[in-house]
Amino acid sequence: MSATTTLVADRAPEADAHVTFARVLRSERLKLWSLRSTWWGVALTVLLMAGLAALMAATLGSAASSPGMQETMSADPRLATPSGAVAVTFGYGFAQLTVAVLAVLTITGEHSTGMIRATFAAVPRRLPVLWAKLLVVAATTALLAVVGLAAAWLATASSLSADGLALDLSDGEHLRALGGTVAYLVTVAALSLGIGALWRSTAAGIATTLGLLMVLPLLFQVLAGSAAWAQDVYAYLPTVAGERLVATGPAPDGLLSPGAGFAVLAAYATAVLAAAAVAVRRRDA
């Protein structure tokens with residue numbers, strides 16, 4: 001063993017001793033918020049949630065005086081029971097796309113630039129990096145969801161009140177829809193981060209995530225019309241199951257309860273993150 005190798009080996013434990021999880025967490029927070037894509041993602045998510053909420057509030061107001069529009073809306077389980085909660089939370093389905101892309105980029109961006117090698121050199125145990133990224137992404141998404149919902153409420157408060165559909169914070173179902181939106185988006189972000197860690201490629205990570213969140217539900221919704229088994233599978237897809245926590249009104253036949261649906265989504269996220277943790281430990285950077 002050369003003198004240089006011996007010196008590095010002697011210093012490694014000392015250097016590792018100064019790597020605390022708090023420092024790794026701070027580093028990941030700084031890295032995420034120093035990216036321009038993060039700020040664009042935040043702005044786009046809030047605008048989507050507020051803008052789509054305002055659009056839905058206007059639609060609900062118009063439907064009140066249009067029997068034909070009411071009949072059309074009743075075909076959609078999310079709109080069958082119009083309420084302030086439906087309008088305020090309406091944008092979450094589109095916001096999940098920006099949240100998912102942001103979560104994937106959090107880890108694949110470092111792989112594409114090669115910065116991940118420096119990160120893992122500073123944190124040789126590697127898993128603290130993954131958990132720190134997870135906490136930062138989860139906290140950012142939660143904050144983003146709360147701000148987005150607040151913006152959505154401000155954008156719809158007057159029109160909903162005029163139509164007698166004001167958001168009622170004393171209604172347990174309305175509160176569940178609001179809290180469920182935050183929990184749903186945070187869990188989708190965690191799932192997306194895990195997928196990004198598994199693929200290590202931005203293109204593959206985003207394609208897989210969007211396919212899982214958007215394409216599969218549409219595919220099985222079409223198949224469900226001609227195959228009973230497809231309807232059973234459809235209810236257990238990540239987004240279909242998780243969205244039950246946000247939905248208000250009676251559950252359509254074949255779909256899960258809010259608690260069971262969110263448990264299914266959380267199980268998907270947990271399984272993917274567990275696989276990502278194994279991959280991060282075993283693979284080369």
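**Helix H13 and the nonpolar cores**

Helix H7 (115-122), helix H8 (127-162), helix H9 (172-199) and helix H12 (238-242) are among the elements that cover the buried residues of H13. Contact here is heavy atoms within 4.5 Å. Buried is under 20% relative accessible area, exposed is over 50%, and partly exposed is in between, with a 1.4 Å probe and protein chains only. Helices are DSSP runs (H or I, at least four residues), numbered from the N terminus.

A word on the source. This is a predicted model, where local features need pLDDT of at least 70, side-chain atom pairs need 80 or more, and totals for chains, interfaces and linings use all residues. Residues count from 1 along each chain, and side-chain values use heavy atoms, without hydrogens and water.

Back to H13. It runs over residues 258-282, 25 in number. From first C-alpha to last it reaches 37 Å, close to the 36 Å expected at 1.5 Å a residue. That expected span is 1.5 Å times one less than the number of residues. Its buried residues include Gly261, Val264 and Leu265.

Next, the cores. A nonpolar core is a set of buried Ala, Val, Leu, Ile, Met, Phe, Trp, Tyr and Cys residues, joined through side-chain atoms within 4.5 Å. The largest has 35 residues. Ala87, Val88, Leu149, Leu160, Tyr184 and Leu191 touch the most other members. H13 is one of the elements giving two or more residues to this core. H9 gives the most, with nine.

Which residues does Leu160 contact, leaving aside neighbours within four places in sequence? They are Ala57, Gly84, Ala87, Val88, Leu165 and Ala166.
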